[in-house]
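User: I am new to this structure and would like a close look at a single part, the nonpolar core, together with the places where the backbone does something unusual.

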Amino acid sequence: MFPPSSMLFLWFSFLYVTSSMADPHSLNYHTTSNSIYDVLLAHGLPKGLLPKGVRDYEFDVDTGRFLVFLDRECNAMFENQLHYETNVSGILSYGKIGALSGISAQDLFLWFPVKGIRVDVPSSGVIYFDVGVVFKQFSQSLFETPPVCVPNPKSQHRKIGNQFVQSGSVKMA
Ligand SMILES: *[C@@H]1O[C@H](CO)[C@@H](O)[C@H](O)[C@H]1NC(C)=O
């Protein structure tokens, strides 16, 4: 369940205030001693959903809200290519990431923001990416280890409505 957008806005305002304080380990916003990959595993999700190169992260155990800071934006290749922004955020619950922001998936030369990711509980070995119009299915085994993520700036992506189009990838006859 996601909070209504007004709540989300309040939450982001709250985040902004707390993150501008020097200490990220403040009372209401915990950084656990585990890695974010362990946090994913503890929620029944494969740790390879996030690439190598995580510089820092925050995870609120009460709300499931997480923020991941990568060294740089980058692309990782699974069956499809995924683009990671420098900041990835979402809300974790068991077997599921909701309100996801900062990851897009390439399909047929188009980039789709991934809005959510879920697995079946108990696991069926399938992982589902919510790209708005459809859930794309992948084998969960593709995501067993964090992939190397190749630096790739967003400037290569032109945003059209909800979709990211890689410029130069669609040639007109
Ligand atoms: C990522 O988050 C940090 C800390 O909240 C912020 O300072 C920075 O501007 C964000 N970067 C981007 C590209 O949004």
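Analyst: What follows describes the core and then a few backbone features. This is a predicted model, in which local features need pLDDT of at least 70 and side-chain atom pairs count only at pLDDT 80 or more, while totals for chains, interfaces and linings use all residues. Residues are numbered from 1 along each chain as its sequence is written.

The largest nonpolar core (buried Ala, Val, Leu, Ile, Met, Phe, Trp, Tyr and Cys residues joined through C-beta atoms within 7 Å) has 32 residues, and those with the most contacts inside it are I36, F66, V68, Y84, V114 and I117. Here a residue is buried if 20 or more other C-beta atoms, placed from the backbone, lie within 10 Å of its own, exposed if 12 or fewer, and partly exposed in between. Among the elements that each supply at least two residues of this core are α2 (36–42), β2 (65–70) and β5 (96–107), whereas β4 gives the most, with five residues; helices (H or I, at least four residues) and strands (E, at least two) are DSSP runs numbered from the N terminus. Leaving aside neighbours within four places in sequence, F66 is in contact (C-beta atoms, placed from the backbone, within 7 Å) with I36, V39, Y57, E58, F59, S89, G90 and L92.

Turning to the backbone, A99 in strand β5 has a positive phi of about 50 degrees although it is not a glycine, and A99 counts as partly exposed because it has 17 C-beta neighbours inside 10 Å. F109, in the loop between β5 and β6, likewise is not a glycine and has a positive phi, of about 70 degrees; F109 is exposed, with 11 other C-beta atoms within 10 Å. Finally, a cis peptide bond with omega of about -5 degrees joins V121 and P122, and P122 is placed in the loop between β7 and β8.

How values were computed. Two residues are in contact if their C-beta atoms, placed from the backbone, lie within 7 Å.
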